[in-house]
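Hi there,

Here is the structure I promised to pass on. Have a look at it first, and then read my notes below.

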There are 2 protein chains.
Amino acid sequence: MTAGAAKYDADMPTEVETETELAAVLRSKGLRMTAQRQLVLEAVRALGHATPEQIHERIRGQVDGVNITTVYRTLDLLEELQLVSHTHLSHGAPTYHLAGDRGHAHLVCHRCGRITEVEPTLFANARKEVADATGFIMDVGHVAVFGTCAECLEKDQ
Amino acid sequence: MTAGAAKYDADMPTEVETETELAAVLRSKGLRMTAQRQLVLEAVRALGHATPEQIHERIRGQVDGVNITTVYRTLDLLEELQLVSHTHLSHGAPTYHLAGDRGHAHLVCHRCGRITEVEPTLFANARKEVADATGFIMDVGHVAVFGTCAECLEKDQ
DNA sequence: GTATTTGCAAAAGTTTTGCCCGTGA
DNA sequence: TCACGGGCAAAACTTTTGCAAATAC
């Protein structure tokens, strides 16, 4: 683990960086770096967006004996540290993703359940209009838009 | 309740109309009109958007002995009949609202949890852009946008 | 060494299911 | 009449909590 090698490339939030960041953030709060915390963060990154259940599943395939309780607790912690955040997609199951990952809004098809990711720039206009109208600042990486996807629309006709 | 007085004001989807519609839709499927079904639909309309729990709570204040199980089953049925639909706002709790009620998108503040309703016209642009880009048709009455409300932003600074 | 974390088990909360009786058409 | 619906109780899940043992620092 080559920690401390971050230097000045602040414009490149890579995988290595996230791991280093985890250690740094934890240490700055007097918290401890553990294998479980690394595994959960790594799983969130690898899966893109996933439920606690799915995260647990993935980790179980890697090492043995990480409890689901720990996954829940760790996700809460990572969210508090603003390393991950969660969205409620589809059927009440919360899905977690990297907090820095502002790369997508979620389109959830209520017919087939498929999740499509789109560039948040599509919502730039709406974001501005909403801000002007209400002062509410949309977190575009945390949008769940429901509707019907192209394929289901076709099937429908 | 003066039902049956609907006459010809078809441009006025009022409370009376919904009740009539319920009876009609049920009958057309060979299903039965019951007090419970009326009560649940009425509660959904009255509350705007509410969880099964809240709906049950309201009904309990009106009549006695309507079971929470029945509320769940009836909401499922009403959704199938396309009289109501549900959204997942905030913390995994599904909230139900009238299906015809396309009058609002939901802004959910992840700090204070408050839900602000805004005109869907604010998303007209995004809707078009998303449709053009992906073919996905946004259900604007079923949007949950997460972010930070004006008050919490102020408090933050 | 010691405070933080984890695992385990049990609790708590929410939603679903099975079964039998009540009721609407 | 008699199939549909509702109430009740219990099951099935998901998420949280308490506590003792393990572990990072």
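A residue counts as buried when its relative accessible area is under 20%. Cys109(A), at 1%, is therefore buried, and Cys152(A) also counts as buried, since its relative accessibility is 5%. Please keep in mind that this is a predicted model. While on cysteines, I should add that a search of the whole structure turned up zero disulfides over all chains.

Next, the protein interior. The largest nonpolar core is made of 28 residues, and Phe123(A), Phe123(B) and Met138(B) have the most contacts inside it. In chain A, β3 (105-109), α5 (124-134) and β5 (137-148) each supply at least two residues of this core, and β3 (105-109), α5 (124-134) and β5 (137-148) of chain B do so too. Phe123(B) is a good residue to click on: leaving aside residues up to four places away in sequence, it touches Ala126(A), Val130(A) and Met138(A) from chain A, along with Ala105(B), Val118(B), Met138(B), Val140(B) and Val145(B) from chain B.

Now to the DNA, beginning with strand C. There are 17 residues around DNA strand C, and those that come nearest are Arg37(A), Gly65(A), Thr70(A), Arg73(A) and Tyr72(B). Of the atoms of this strand that come within 4 Å of the protein, 62% belong to sugar and phosphate. A polar backbone atom of Gly65(A) lies 2.8 Å from a phosphate oxygen of DNA strand C. Base nitrogens of the strand are approached as well: one is 2.8 Å from a side-chain N or O atom of Arg73(A), and one is 3.2 Å from a side-chain N or O atom of Arg32(B). The elements that each supply at least two residues of the surface near DNA strand C are α2 (35-47) and α4 of chain A, together with α4 of chain B.

And strand D? Here, too, 17 residues surround the strand, with Tyr72(A), Thr34(B), Gly65(B), Thr70(B) and Arg73(B) coming nearest. Sugar and phosphate make up 65% of the atoms of DNA strand D within 4 Å of the protein. Phosphate oxygens of DNA strand D lie 3.0 Å from a polar backbone atom of Met33(A) and 2.9 Å from a side-chain N or O atom of Thr34(B). Thr69(B) has a polar side-chain atom 3.4 Å from a base nitrogen of the strand. Two or more residues of the surface near DNA strand D come from each of α4 (68-80) of chain A and α2 (35-47) and α4 (68-80) of chain B. That surface divides into five nonpolar, seven polar and five charged residues.

Happy browsing, and best wishes

Note on methods. Residues are numbered from 1 along each chain as its sequence is written. Chains are lettered from A and ligands numbered from 1 in the order in which they are written. This is a predicted model: local features need pLDDT of at least 70, side-chain atom pairs count only at pLDDT 80 or more; totals for chains, interfaces and linings use all residues. Side-chain values use heavy atoms; hydrogens and water are left out. A residue is near a molecule or strand if one of its heavy atoms lies within 4 Å of it. A polar contact is a pair of N or O atoms within 3.5 Å; within protein, one must be able to donate a hydrogen and the other to accept it, and residues adjacent in sequence count only if both atoms are side-chain atoms. Helices (H or I, at least four residues) and strands (E, at least two) are DSSP runs, numbered from the N terminus. Ala, Val, Leu, Ile, Met, Phe, Trp, Tyr, Cys and Pro count as nonpolar, Asp, Glu, Lys and Arg as charged, and the others, Gly among them, as polar. A disulfide is a pair of cysteine sulfur atoms within 2.5 Å. Buried means under 20% relative accessible area, exposed over 50%, partly exposed in between (1.4 Å probe, protein chains only). A nonpolar core is a set of buried Ala, Val, Leu, Ile, Met, Phe, Trp, Tyr and Cys residues joined through side-chain atoms within 4.5 Å. Contact means heavy atoms within 4.5 Å.
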